[in-house]
Amino acid sequence: MNEQHTLSATGDTDSDSIAAHFAHRATTFDSTPWAYDAVILSCFDSLISVSPTSRILDAGGGTGLLSAHFRERCKAAIILSLDLSFPMAQKALSKGISSCVADVCYLPLRSCSLDVVVLRQVLQYLQTPSAALQECYRVLRPGGQLLLGQFVPYDHSDQRWLKRILETWQPLKKHLPTSEDLRELLVDHRFRMQSTVQLDVFESLASWLDRHRVPANRRPSAFAMALSQRHHVTDRRRVLSRGDDILFSNLFHIIDARKPVEVETTER
Ligand SMILES: C[S@@+](CC[C@H](N)C(=O)[O-])C[C@H]1O[C@@H](n2cnc3c(N)ncnc32)[C@H](O)[C@@H]1O
């Protein structure tokens, strides 16, 4: 791998592992089924509050897939995608999206300078989600919108099951907040809850293992693990054997939260 591709914005080991992981995934990320799922995208469309002059930050925006989608919707808006991984940011740039390499926990942006911040599937990678939410709050103008989109466990028993699976197969994910955990986190960070949407999205285990580059010799145990645990899982998560593959449902949760209009502002 090109050394440049392991560069992270902060230089800590944890950020380096994430940057390296997404450096590998940058070329194929856009074929991740949930990332371009039409129902998820249209839910973001229905929630985002934009005008032609809106300034939007896609925080942890990856390859700019969501930014490019928003640009189609609102051509005059100013959209910036920011990501820890240089190759992911480069991909966004190649789509004509303004893009920079930085950490969502240290946003290189002025306080109260944005109308909308979007965080899709980023929070689970952060050592301190709190730091990112503080930064989102800081850079939003009073009344600005935070759109947080995230796969969440269905409930606490599902959270325990998922945790065991992810500890083995995707240790970079540090948090698995439930919908309720996310709501509490946002309220603790002074956001006002506006509305939420929840969607069931089916995922193929084979495709997930491919994307995470699980070697062929470890795949049988991944399948066995998913199947052997399934009876302990909440009945809301559907797990179906389909030929050589397993399909399981995931819960995607989108929260529209606002920075209250009546806040004290301190310019950076
Ligand atoms: C699963 S991808 C989601 C990409 C994009 N948000 C989307 O929905 O298409 C997670 C992204 O978060 C980025 N990321 C993880 N930790 C980050 C951090 N501390 N600061 C900025 N980006 C981060 C990763 O590099 C990766 O591109």
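**Exercise 1. Determine how strand 1 pairs with strand 2 (residues 78-83) and over how many bridges.**

Solution. Strand 1 and strand 2 are paired in parallel, through five bridges. Strands here are DSSP runs of E with at least two residues, helices are runs of H or I with at least four, and both are numbered from the N terminus. Two strands pair if DSSP finds at least two bridges between them. Within this pair, R55 is placed opposite I78 of strand 2. The connection leads from strand 1 through helix 3 to strand 2 as a right-handed β-α-β crossover; right-handed means that, with the strands pointing away from the viewer, the path from the first strand over the helix to the second runs clockwise.

The model is predicted: local features need pLDDT of at least 70, side-chain atom pairs count only at pLDDT 80 or more, and totals for chains, interfaces and linings use all residues. Residues are numbered from 1 along each chain as its sequence is written.

**Exercise 2. Identify the strand 4 residue opposite I56, and state whether strand 1 is enclosed or open.**

Solution. Strand 1 and strand 4 (residues 114-120) run parallel and are joined by three bridges. In strand 4, V116 stands opposite I56. Strand 1 (residues 55-59) has four of its five residues buried, so it is largely enclosed by the rest of the structure. A residue is buried with 20 or more other C-beta atoms within 10 Å of its own, exposed with 12 or fewer, and partly exposed in between, the C-beta atoms being placed from the backbone.

**Exercise 3. Find the residues that touch the most other members of the largest nonpolar core.**

Solution. This core has 55 residues, and A59, V117 and C136 touch the most other members. A nonpolar core is a set of buried Ala, Val, Leu, Ile, Met, Phe, Trp, Tyr and Cys residues joined through C-beta atoms within 7 Å. Neighbours within four places in sequence aside, the contacts of C136 are A59, V117, L119 and L146; contact requires C-beta atoms, placed from the backbone, within 7 Å.

**Exercise 4. Locate C112 and R190, and give the sign of phi for each.**

Solution. Most residues other than glycine have a negative phi. C112, which is not a glycine, has a positive phi of about 55° and lies in the loop between strand 3 (98-101) and strand 4. C112 is partly exposed because it has 18 C-beta neighbours inside 10 Å. R190, also not a glycine, has a positive phi near 70° and belongs to the loop between helix 7 (179-188) and strand 6 (192-204). With 13 other C-beta atoms within 10 Å, R190 is partly exposed.

Key: Contact = placed C-beta atoms within 7 Å.
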